[in-house]
Amino acid sequence: MRIDHRADDPAPMSYDSLTACLECGLLQRIPEVPPGGSAQCGRCGDTMHRNRPDSLNRTLALTIAGVVLFIVANSFPVLSFEMQGRETRTTLITGVVDLYQGGDWPIAAAVLFTGILAPGLQLVLLLSVLLPLTLNRMPPWLPRLFRRVRTLVPWGMLDVFMVGILVAVVKLADMAVIVPGASLFALGALIFVLAAAQAALDPDLVWSRVPIAGELSRPLRRGEDHIACDVCELVVRPSEAMRDGERLRCPRCADLLHRRKPQSLQRSWALLTAAVVCYIPANLLPIMSVTSLGSSQSDTIFSGVYYMLDQGMWPLALVIFTASIFVPILKLLILIFLLLSVQLRSDWRPRERTRLYRVVEGIGRWSMVDVYVLTILVALVRLGNIASVQAELGAIFFCAVVVLTMLAAMSFDPRLIWDALEQGHVGDRERPFGAARAGSL
Ligand SMILES: [Zn+2]
Ligand SMILES: [Zn+2]
């Protein structure tokens, strides 16, 4: 289904129907979207709105199921490892504790945050937002909590953790008996429930329930100066924003208002440079050492992949090569290309460049697979001289590369890609309202 709204509609528009695309910044009227349908930005193609039927109730039910599964997943062993009559078990948290005790606290902190805290907090925050909303209440702290949900989503990596666990199981299958624990099944179910809750949640619906501080009665006219909130997507005139000293805050969600992400280019370059610097030791230094029957051997990322190929475990080698070698390089190259193209004010294929940015945002977290494999190996294989695995310095640098490139991608503002175009052609004054396209999913 396609609903066409004229882009240069001369009539003033009400606030409710006007939204600025978060990826290209164009102000657009969102048409009526059928249940299950979505509206795409008429310029860059980003999905601006999805109509999710019965969103609040469904998300609440899934969140409650998620909380139960989360408790189970963290209470029982994920895996147990039997070798020469001795057994070790690991829960999610003992893996983190073992890394910490081995002196690898940066990796322990990253695994604790992405594997336990971020998904757990996300569930707690969703629950405390959705419960009052379904009871038709609006406590004053609700917008602040809901803002945090968005921040946490990219850092919750249970799905990546699961792939890491599976890779570790296949790696260890030859040398020992691996028994899956109750927690592994709860974890598998939790991943699906979290993804379903994410898909059921309609943030626009939640924000539409939050009252706006002050008066926004006069509709925005074409060419009028405006700022769009990056969080709740409310479009306001600067005079209607809340003042916080020199800064402006959104009258609905109270987040700071920016026309573009602050110091986007400088921050992205700084984080990216740090990532490139860390990338070198991450690949040259060993990421782990394996002690087996008294002899010790260290592996870098490359030699680990080579070893797996040598042993005929090519599907594993492919997973680790893609996650640990191909994806980080691809991310670094795409980000450098995007930053350079913005800096040179290029007008080359803005739509494709925006799409590249989406790719970088989407694939970044998958590089953590190797870090999770290592966590599971360290936690499971600790039989002293018979068999044990330690994390090495290279793993800390590798973890830093993943986190730094994710932060660099988050600091980059894709609207800068489109700004160069507008400065070259139409001034902000004459910029028409765009028209989002509605369609079925
Ligand atoms: Zn757009
Ligand atoms: Zn806002």
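Is C24 buried or exposed? At 1% relative accessibility, C24 counts as buried, since the cut-off for that word is under 20%. Keep in mind as you click around that this is a predicted model.

**Stop 1: the zinc ion, ligand 1**

Stay with C24 and bring up the zinc ion (ligand 1). Its coordinating atoms are the SG atoms of C21, C24, C41 and C44, at 2.2 to 2.4 Å. Look at the angles those four donor atoms subtend: they run from 102 to 116°, which makes the arrangement tetrahedral. Along the chain, the donors follow the spacing C-x2-C-x16-C-x2-C. Now select C24 and C44 together, and you have a pair that links distant parts of the chain, 20 residues apart. C24 is in the loop between β1 (18-20) and β2 (27-29), while C44 is in the loop between β3 (37-40) and β4 (47-50). C44 counts as buried too, at 2% relative accessibility.

**Stop 2: the zinc ion, ligand 2**

Next, select the zinc ion (ligand 2). Here the coordination comes from the SG atoms of C229, C232, C250 and C253, at 2.2 to 2.3 Å. This site is tetrahedral, with angles of 100 to 117° among its four donor atoms. The spacing to look for in the sequence is C-x2-C-x17-C-x2-C. C232 and C253 link distant parts of the chain, 21 residues apart. You'll find C232 in the loop between β8 (227-228) and β9 (235-236), and C253 in the loop between β11 (247-249) and α8 (264-284). C232 is buried, with a relative accessible area of 3%, and C253 is buried as well, at 1%.

**Stop 3: P143**

Hold on to C253 and pick out P143, which touches it. P143 sits in helix α4 (residues 142-152). Which residues does P143 touch, not counting those up to four places away in sequence? They are W207, V210, R252 and C253. Try P143 with R252: the two are 109 residues apart in sequence, but 7.9 Å apart in space, C-alpha to C-alpha. P143 itself is buried, with a relative accessible area of 10%.

**Stop 4: two crossing helices**

Finally, colour helix α5 (residues 158-172) and helix α6 (residues 182-200). Their axes come within 9 Å and cross at roughly 145°, and the crossing is left-handed. To see the contact, show L158, D159, M162 and I165 in α5, then L184, L187, G188, L190, I191 and L194 in α6. By class, this contact has eight nonpolar residues, one polar and one charged.

Key
Residues are numbered from 1 along each chain as its sequence is written. Chains are lettered from A and ligands numbered from 1 in the order in which they are written. This is a predicted model: local features need pLDDT of at least 70, side-chain atom pairs count only at pLDDT 80 or more; totals for chains, interfaces and linings use all residues. Side-chain values use heavy atoms; hydrogens and water are left out. Axes are lines fitted to C-alpha atoms, for helices over the stretch in contact, and angles run from 0 to 180 degrees between N-to-C directions. Helices (H or I, at least four residues) and strands (E, at least two) are DSSP runs, numbered from the N terminus. A crossing is left-handed if the near helix is turned anticlockwise from the far one by less than a right angle, and right-handed if clockwise. Contact means heavy atoms within 4.5 Å. Ala, Val, Leu, Ile, Met, Phe, Trp, Tyr, Cys and Pro count as nonpolar, Asp, Glu, Lys and Arg as charged, and the others, Gly among them, as polar. Donors are N, O and S atoms within 2.8 Å of the metal (3.2 Å for Na, K and Ca); water is not among the atoms, so sites may look incomplete. Four donors count as tetrahedral if all angles lie between 85 and 135 degrees; four count as square planar and six as octahedral if opposite donors are over 155 degrees apart and all others between 65 and 115; anything else is irregular. Buried means under 20% relative accessible area, exposed over 50%, partly exposed in between (1.4 Å probe, protein chains only).
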